[in-house]
Amino acid sequence: MKAIMSQLISQKGHRLVLCGLSFLLLSACSQQRNSFLDPAGPIAAAQRAHFIEVFAWTMIAILPVFILVPLMFWRYRYRNHKARYTPDWAFSGWLDLLMWGVPFLIVAVLSTQLWKSTHALDPYKPIASAEAPVNVQVIGLDWKWLFIYPDLGIATVNELAFPVGASVAMEVTTDTVMQSIMIPALAGQIYAMPGMRTKLHVLADETGRFMGENTQFSGVGFTAQKFEAVAMTTQDFEAWVAKVKASGIPLDATHYGRLAAASTGVQAHDMLGSPQMPEGVLYFNKVEPALFADVLGRYTHGTAIPSALQPGAVGYVPPAAAGANQ
Amino acid sequence: MKHPILHPGLNLGPHHGEAHEQAETLAFGFWVFLMSDFIIFGLAFATYVTMANPMGLAGGPGPKEAYDLTSVFAQTIILLSSSLSFGMASLAMRFERGRGAVTFWLSVTLLLGLAFLFLEVRDFAHMIDIGAVPSRSGFLSAFWGLVPLHALHVAAGCLWIMIMIIQMRGFGMISLVKTRIVRLGLFWHFLDLIWIGVFTIVYLGGLAS
Amino acid sequence: MTPDQPATWLLGRFGVSSLAILPAIENPTTSELVAAGAALAVILGAIGGIAFITWLGAWRTLWCDWLTSTDHKRIGIMYIVLALVMMARGVLEGAVMRSQQAFGLNGGFLTPEHFSELFSTHGTIMIFFVAMPLIIGLANYIIPLQIGARDMSFPVMNQISLGLTATGAALVMISLLLGKFSTGGWSAYPPYTGTDFNPGPGPDYWIWSIVLAGIGTTLSGINFAVTIFKERAPGMTLFRMPLFTWTLICASIIMVFALPPLTVAALMLAADRYLDFHFFTNDLGGNMMNFVNLFWLFGHPEVYLLVIPAYGVFSETISTFSGKKLYGYSSLVYATMSIAVLSFTVWLHHFFTMGQSANVNIVFGIASMCIAVPTGVKIYDWMATIFRGRIRMTVPMIYALGFFYLFVIGGLTGVMLANPTISYQVHNTLFLVAHFHNVIIPGVVFGLMSGYHYWFPKAFGFRLHEGWGRVTAFLWIFGFSFTFFPLYALGFMGMPRRSASYTDPAFEPLMLVALFGAALIVSALGALLIQLWVSIRKRESLAVPLGDPWNGRTLEWSISSPPPSYNFAVLPQVEDQDDFADAKAKGRAYQEPDAYEDIVMPNNTSLGIVICIASTFLGLALVFHIWWLAILSAGGIIVAFIARTFVLSTTHVIPADEIAAEHRAWLAQVRAAKSITRDMETSSANHGLASLELPVLAGVER
């Protein structure tokens with residue numbers, strides 16, 4: 001049984017189910033890939049495979065309902081006097097065994113798969129890769145993402161570039177309310193919470209542009225909190241790093257303070273950016289090494305953070321604006 | 001036995017029959033309410049436990065600075081004694097020692113309850129003096145969310161005792177009054193139970209860690 | 001102090017700018033006009049309601065027979081009326097959101113803030129002020145009738161529960177006029193809902209409407225549990241109870257144990273907002289993860305609290321309209337109980353993505369999946385009930401058919417979401433939105449709508465119009481399908497929930513399909529109202545005063561429709577499961593008892609309405625920081641409550657003669673009436689007396 005199932009899943013099942021589910025999606029192709037049903041990395045691909053497996057196994061329990069319900073509604077309609085009628089029949093041991101047993105077995109099978117896949121695809125687990133892993137520190141701000149490359153001394157807003165085949169190890173926090181970061185074509189999401197660090201690992205095995213986003217509602221600019229994840233060749237990545245270093249501005253305390261104020265990527269670009277940076281994106285060529293740790297630590301230092309110092313808060317006063325007022 | 005005596009502490013009428021059945025419904029309802037209340041306290045305890053760590057303390061005053069174990073021990077003894085005196089009131093009601101006896105024991109319970117509250121409020125005032133206020137840290141928020149909640153319950157219990165003393169005088173020892181005293185008893189003993197949790201988890205547990 | 005706040009001590013932070021209609025006059029954008037339209041609808045609705053009652057001259061009746069009534073049947077009906085009013089708002093809000101998203105490519109006509117207010121009120125209303133009151137209302141009406149009792153164990157508390165629920169609903173309604181509701185979603189996660197990020201009255205509206213209504217629900221749960229355990233008629237053992245009552249035991253256990261976490265979470269958030277506590281703040285050791293845990297510790301049992309009574313309704317209707325005993329009664333009872341217990345063990349699957357270890361996720365994932373087993377058993381049990389039955393395709397059976405198909409799909413996506421690996425991808429997307437609507441609409445809404453159709457003749461003495469009922473049912477079924485299946489696809493495309501707009505043109509066609517579906521659902525709501533109107537107009541030909549229009553199987557059908565205030569002239573002696581079906585078969589039904597006795601019933605009281613009004617003022621006072629009013633109204637509630645304990649005469653006696661006369665008159669009507677077979681069920685020949693038709697049909701095996 002299991003062998004048949006997995007065969008079905010691995011070959012025909014894949015295609016059939018995928019066709020059914022994704023013909024709608026493929027109707028309009030945007031430049032960015034945005035679905036785990038169209039995966040570009042091992043994690044998303046495994047998630048899709050697991051999704052299809054669950055779908056297939058569940059069908060054992062569901063198809064009988066789909067098929068038998070209409071048949072029975074027709075067969076046992078009031079006017080059909082030919083059908084048997086057993087008004088007092090209310091129990092059968094064998095039937096009950098089947099009713100409890102089959103769902104139980106399906107759930108048992110699915111549970112073992114759940115067990116394996118949850119461990120295998122744990123977002124905290126580093127992904128083995130031939131290329132050297134890229135470390136990225138992610139800070140969620142209202143309403144944009146700040147990506148710090150601590151090893152390269154650069155940072156970006158709303159653009160996450162990395163070489164194909166390299167594992168990207170992200171440490172995630174926010175400097176405002178709770179958010180959730182996801183790049184559907186590569187891997188699932190993880191929450192970003194102030195004062196806390198979560199981890200997410202992704203890997204792309206083909207070049208391309210992938211939609212990344214915040215999925216946790218965080219205020220009026222929430223829908224604009226998207227970024228682009230770009231998987232590129234190693235040469236392209238080196239060129240990209242050089243470009244960021246060349247065209248970027250330093251991410252000092254003032255710049256960070258202004259960046260952290262509530263604004264979309266486009267607004268932040270208008271405020272701090274230069275024409276060399278793409279629309280809605282910012283490049284920083286000098287980053288305080290301790291920036292991520294500072295953001296993470298300032299909530300746990302045991303001192304109150306008044307609204308004026310809390311990015312994203314209604315009463316937040318960005319440093320530059322404070323200077324302008326004096 | 002056609003009508004088993006469902007509430008041994010009760011003496012509702014010559015035959016106990018229907019009166020006991022009604023009391024059964026009332027008491028059962030009150031038990032269910034207490035279970036619901038118990039969940040509320042349970043969650044307040046759970047929050048306290050999750051906050052009792054360096055991050056929750058946030059550099060603010062901790063158990064060692066804020067708690068006065070002598071006072072808390074005195075409160076524990078007083079509250080436990082009040083449960084005993086309430087038990088005496090229940091027995092007085094059960095064995096029909098008259099309104100006077102029940103009133104006496106309820107008054108003792110009330111005084112003990114008020115003494116408990118007095119000591120507790122004094123402790124709270126001390127904590128405020130040393131800056132151990134809820135706005136200081138998550139840990140202190142959890143403390144102030146839990147212990148005063150219990151105190152509020154005790155205060156409500158004291159108010160209830162006063163009302164029952166008035167109603168005993170006004171209505172006599174009718175079934176309604178008796179079943180209310182039974183439910184008040186459940187409430188009072190329940191608060192004792194919660195206090196044992198407060199004493200061990202909040203105070204002893206806090207000081208031990 | 002801002003200029004438009006002349007006296008803070010008097011009005012707190014309430015000021016002219018709190019009036020929600022003003023912005024529309026100053027700046028008439030579409031978004032503001034929609035908001036102003038909603039506010040006007042509330043005002044006009046209130047004025048219209050007052051005018052209508054005055055025109056009917058019904059103020060006295062309203063006060064004496066309804067608002068102060070302790071009769072479980074009237075309280076049940078008031079709950080359902082409240083739920084339907086709120087449902088109108090909730091559905092319309094849903095339709096406005098669908099419209100916004102349909103035209104939301106790079107914008108739309110609503111501001112993001114208005115949109116976020118809409119999804120917050122929509123969720124809050126649909127869960128707390130539609131689904132819950134519908135369930136509590138039906139349960140209130142039906143439980144005592146099904147177990148052979150005269151009323152709830154605590155009739156006055158029942159009234160207070162209703163009062164508190166109405167308070168919560170009133171606060172949500174008032175938020176359309178004064179100030180603004182929360183923008184933080186129905187789950188109101190801090191720190192977004194904390195004072196730093198949302199200092200306005202919005203989250204406070206959420207807190208107080210939820211807390212007050214939640215206390216009402218907890219009290220209802222206590223009331224139901226005690227009633228079912230203690231008030232059953234002689235012979236009504238637990239395992240003879242109708243399935244609907246069984247599901248209400250499970251639901252009331254959930255109410256008693258799962259509502260406290262919500263109360264605690266909301267009050268802690270209130271402490272953060274009002275008293276500068278640090279339960280969930282970013283700084284000083286606050287921890288928002290505690291809120292998320294507490295909220296879902298309530299939230300997950302809550303969804304089972306909603307769906308389990310719907311299972312109960314389907315158990316009743318499928319068995320009745322298949323003319324057959326329910327298959328696997330004990331199996332269904334055990335399945336329901338296991339679901340109720342398991343529902344407390346799975347809350348973490350609402351946030352697999354919060355960063356806990358894989359092992360924790362696995363435990364909760366498997367626990368979540370386990371719920372699929374008893375749920376599957378239930379579906380199969382109902383299929384076995386249909387098997388070899390005689391099915392009449394009445395309105396409840398159309399809903400049941402829709403339920404079978406659509407709910408199973410919701411179950412399928414639920415099993416998917418129980419897998420952390422899949423949840424990582426579809427969590428927080430429209431897939432999730434589609435999933436929970438897919439269980440709540442075909443499960444809860446269809447169940448409750450079919451229950452409404454099924455029991456309406458019991459409550460009012462006439463059936464609902466069958467044709468309009470079918471139209472409503474089909475509109476719901478297709479409306480649901482068109483609205484929510486596209487959302488699954490959008491979820492696969494990574495569209496986050498709660499998005500006011502989007503930039504990917506690929507989303508637009510699917511959104512337009514969903515808008516079409518929403519239009520169908522709005523039509524379903526319209527058809528529901530038309531059905532009610534038509535049924536009232538034709539109540540003569542739809543009348544079923546003898547009480548048994550569907551050849552029912554349980555005790556509620558053994559009395560007249562509408563039932564007398566004391567329900568049963570003489571408490572029934574129960575001998576079997578499906579006792580009334582058994583009684584009809586054995587000729588025990590419609591017998592005059594040997595003797596009638598006096599019946600003691602609770603008096604009317606105004607306590608519930610007093611608490612309702614006082615707590616509404618309390619809520620408003622807290623929202624707008626009007627401290628004197630808060631103290632006054634809180635004090636008022638306590639004084640009213642204590643004063644009530646000094647009232648000794650709380651019951652009245654209905655003399656045996658009066659009961660005997662009423663009961664005999666009804667029995668005489670029954671004897672004079674002609675019983676009908678089931679093919680005449682939906683015709684005007686149906687007066688509520690069913691004939692025993694089984695032997696005449698071919699193919700019967702008894």
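**Interfaces and local geometry of chains A, B and C**

Pro562(C) sits in the loop between helix H18 (507–537) and helix H19 (579–586) of chain C. The peptide bond that leads into Pro562(C) from Ser561(C) is cis. Its omega is near -15°. The model is predicted, and local features are reported where pLDDT is at least 70.

A cis peptide bond is also found in chain A, where it joins Asp142(A) and Trp143(A). Omega is about -10° for this bond. Trp143(A) belongs to the loop between strand E1 (134–141) and strand E2 (144–149) of chain A. Chain A as a whole holds eight helices and twelve strands. It has 326 residues, and 56% of them count as buried. Contacts in chain A between residues at least 6 apart in sequence were examined by separation. Of these, 69% join residues at least 24 apart.

Positive phi values occur in non-glycine residues of chains B and C. In chain B, Ala58(B) has phi near 50°. Ala58(B) is placed in the loop between helix H2 (54–57) and helix H3 (63–66) of chain B. Ala58(B) counts as buried because its relative accessibility is 5%, under the 20% cut-off. In chain C, Leu284(C) likewise has a positive phi, near 50°. The loop between H9 and H10 of chain C contains Leu284(C). With a relative accessible area of 3%, Leu284(C) is buried too.

Leu284(C) reappears at the interface of chain C with chain B. Together with Lys230(C) and Phe646(C), Leu284(C) supplies 18% of the area that chain C buries against chain B. No other three residues supply more. The contact involves 30 residues of chain C and 35 residues of chain B. About 2,700 Å² is buried between the two chains. Carbon and sulfur atoms account for 77% of this area.

One salt bridge is counted between chain C and chain B. It pairs the side chains of Glu24(B) and Lys230(C), with an N to O distance of 2.7 Å. Lys230(C) is thus both a partner in the salt bridge and one of the three leading contributors of buried area on chain C. Polar contacts across this interface number eight residue pairs, with both residues at pLDDT 80 or more. Four helices of chain C each supply at least two residues of the side that touches chain B. They are helix H8 (202–230), helix H9 (243–275), helix H10 (288–321) and helix H21 (627–645). By class, this side of chain C has 19 nonpolar, eight polar and three charged residues.

The interface of chain C with chain A buries about 9,000 Å². Of this area, 68% lies on carbon and sulfur atoms. Arg388(C), Gln425(C) and Phe492(C) supply 9% of the area that chain C buries against chain A, more than any other three residues. The contact brings together 102 residues of chain C and 99 residues of chain A. Between these chains, 36 residue pairs are in polar contact, both residues at pLDDT 80 or more. The number of salt bridges found across the interface is zero. Helix H13 (residues 372–386) of chain C gives the most to the side that touches chain A, with ten residues. By class, that side of chain C has 58 nonpolar, 27 polar and 17 charged residues.

Cysteine pairing was examined over the whole structure. Zero disulfides are found over all chains. For Cys64(C), the nearest cysteine sulfur is that of Cys612(C), 17 Å away. Cys64(C) is partly exposed, with a relative accessible area of 30%. For Cys370(C), the closest cysteine sulfur is in Cys250(C). The two sulfurs are 18 Å apart, which is too far for a bond, because a disulfide needs sulfur atoms within 2.5 Å. Cys370(C) also counts as partly exposed, at 28% relative accessibility.

Key:
Residues numbered from 1 in each chain as written. Chains lettered and ligands numbered in written order. Heavy atoms only, no water. Buried < 20%, exposed > 50% of the residue type's maximum accessible area, 1.4 Å probe, protein only. Contact = heavy atoms within 4.5 Å. Buried area = accessible area lost by both parts, 1.4 Å probe. Salt bridge = Lys/Arg side-chain N within 4 Å of Asp/Glu carboxyl O. Polar contact = N/O pair within 3.5 Å; in protein donor to acceptor, adjacent residues only side chain to side chain. Nonpolar A, V, L, I, M, F, W, Y, C, P; charged D, E, K, R; others polar.
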